[in-house]
Amino acid sequence: MSSIAQQHTSSFSVRDLDLKLKQVRLAHPEQSLPSPPASDSGSSSPKQDSEECYFLRSLKECLAIYEEPSRTRSASLALLSDEEVIMLANNGHIATYALEKLFGMDQLERAVRIRRAIISRASSTGTLESSSIPYENYDYSRVLGACCENVVGYIPIPLGVAGPLTVDGKQYPIPMATAEGTLVASTSRGCKALNAGGGVSTVLVGDGMTRGPAIDFPSAIQAGAAKAWIDSDEGHKALREAFESTSRFAKLKSLKTAIAGRTLYVRFATTTGDAMGMNMISKGTEKALEAMQQRFPEMVVLALSGNYCTDKKPAAINWIEGRGKSVVAEAVVPGHVVKTVLKTTVRDLCNLNVKKNLMGSAMAGSIGGFNAHAANILTAIFLATGQDPAQNVESSMCMTLMEPTGLNGEDLLVSVTMPCIEVGTVGGGTVLAPQQGVLDMLGVRGAHPQQPGQNAQTLARIIASAVLAGELSLLSALAAGHLIKAHMAHNRSQVNTPAVSAPVTPGAGFASRI
């Protein structure tokens, strides 16, 4: 047998054959084996279950079973094989997006499996159905109606732990979900250096999620009158009462207004307990606008979010006013630790930080980007703890500062200022079991029983402190010239890297092989 034939034989499996046969039966049901006897009882023997996949009833038979009025849809689908359900979907009798609702909560994995097959067979590559994307043994009940639609599986991401890192006198492991080699190791080195100086101290300087609707008026005069009313005690009180009536956790902190032409923008800022709070503040804002419309019936709400919030976009208003949790984290690293652990000097670190993080970012016109790689650490923790990864855009806005301290300036004072860390410990992706496990590890899962908001605030403090560790380590590597060496050693996957090729030198027998 030739090497090519051996290659094809070894890569062809029984699973591939079974899949191909199913596809043929689906495409040509008239050529399939005779259907098994129909049964309306819903009961089946083990023999019938094992034989079911070898038969494909006609579309008419399947439709009759599915639409039988004496049964629920889920009970009818239980009488049909996967291939028969796929046939119904492909002929427009079942909506693919509604499979979970039709199958019921005890058949969610089957709904995902069938959707994979439908999407795979309709695609140009046809790979999804037999791909390595996992879908089994996952709690889809937590996903349904909360985290994702048209689910076909889940994507595992490596989870590493840096640290531990001492934050405000307490040690925390730093969970990081990432595919970037050296990131966890580098952050761990930063944790070691920070711990040597007694750890990190943090200050929470602000806590308020924001929503900024855009409101049109017939004229700029009327928009100005509405602005004046909102800024008055009467208007502020009316909007606050309406807003806070929607939740016991939503406490309106401030209202900031701005006008462009005849369009009024109002930035609502509120505490949201331990939730990140977008849904909570949106609900309160909507109620407040209803109250405002009673006073100004001519106003038209163009959008509940008029980009004056600002969500998932870089914006100076977030950098200046803050959004979510505003945290400053600082530490003193002894000079001997800078030399022995970080392999550089205080002078070189401070000089590099000014020239790179401050001057370089200013030259680039950066908004909140006065750091080395805050987004790296923050996003890895976001993914591990069930946060909204798209909010890394504003959440990772950060200014890193370094200066000599101590006698003769031999020690290093380092800090990060992060005004927009948008996190929660309830709702969103925090309902997923693995992410809850990570929050458990940090001791901040769910709502704080005595002080609403404290768990989310603690998570923000941990994130800022971890960013401080990451900044310290990367800048040290840059100052010492170690960055490329580290990445070459730890961030070069061999899985998809082609073998090194060398020029072939013709020798004895070369001519006979061509």
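**Exercise 1. Burial and overall composition**

Determine what percentage of the 514 residues in the protein chain is buried, and how many helices and strands the chain holds.

*Solution.* In this predicted model, buried residues make up 43% of the 514 residues in the protein chain. Turning to secondary structure, the chain comes to 20 helices and 11 strands. As a last step, consider the contacts with a separation of 6 or more, of which 71% are accounted for by residues 24 or more positions apart.

**Exercise 2. Two charged side chains in helices**

Decide for Glu-84 and for Lys-101 whether the residue is buried or exposed, and describe the surroundings of each.

*Solution.* Begin with Glu-84, which has its place in helix 6, residues 82–90. Its relative accessible area is 2%, and the cut-off for a buried residue is under 20%, so Glu-84 counts as buried. When residues up to four places away in sequence are not counted, Glu-84 touches Phe-55, Leu-56, Arg-57, Cys-62 and Leu-79.

Continue with Lys-101, which is located in helix 7, residues 99–103. Here the relative accessibility is 75%, and exposed means over 50%, so Lys-101 counts as exposed. The C-alpha atom of Lys-101 is separated by 8.5 Å from that of Ser-74, a residue 27 residues apart from Lys-101 along the chain.

**Exercise 3. A hairpin**

Work out how strand 1 and strand 2 run and how many bridges join them, and then examine the turn between the two strands.

*Solution.* Strand 1 covers residues 159–167 and strand 2 covers residues 170–177; the two run antiparallel and are joined by seven bridges. One of the pairings to inspect is that of Val-167, whose bridge partner in strand 2 is Lys-170. The two strands form a hairpin with two residues between them, and in this turn Asp-168 has a positive phi of about 50°.

**Exercise 4. A helix crossing**

Classify the arrangement of helix 16 and helix 19 from the angle at which their axes cross, and describe the contact between them.

*Solution.* The axes of helix 16 (residues 374–385) and helix 19 (residues 454–480) come within 8 Å and cross at roughly 140°. Because roughly antiparallel requires an angle over 145 degrees and roughly perpendicular one of 65 to 115, helix 16 is oblique to helix 19. The crossing of these helices is right-handed. Helix 16 contributes Ala-374, Ile-377, Leu-378, Ile-381, Phe-382 and Thr-385 to the contact, while helix 19 contributes Leu-459, Ile-463, Ala-466, Val-467, Gly-470 and Glu-471. Sorted by character, the residues of this contact divide into nine nonpolar, two polar and one charged.

Definitions and conventions:
Residues are numbered from 1 along each chain as its sequence is written. This is a predicted model: local features need pLDDT of at least 70, side-chain atom pairs count only at pLDDT 80 or more; totals for chains, interfaces and linings use all residues. Side-chain values use heavy atoms; hydrogens and water are left out. Two strands pair if DSSP finds at least two bridges between them. Helices (H or I, at least four residues) and strands (E, at least two) are DSSP runs, numbered from the N terminus. Axes are lines fitted to C-alpha atoms, for helices over the stretch in contact, and angles run from 0 to 180 degrees between N-to-C directions. Angles under 35 degrees count as roughly parallel, over 145 as roughly antiparallel, 65 to 115 as roughly perpendicular and the rest as oblique. A crossing is left-handed if the near helix is turned anticlockwise from the far one by less than a right angle, and right-handed if clockwise. Contact means heavy atoms within 4.5 Å. Ala, Val, Leu, Ile, Met, Phe, Trp, Tyr, Cys and Pro count as nonpolar, Asp, Glu, Lys and Arg as charged, and the others, Gly among them, as polar. Buried means under 20% relative accessible area, exposed over 50%, partly exposed in between (1.4 Å probe, protein chains only).
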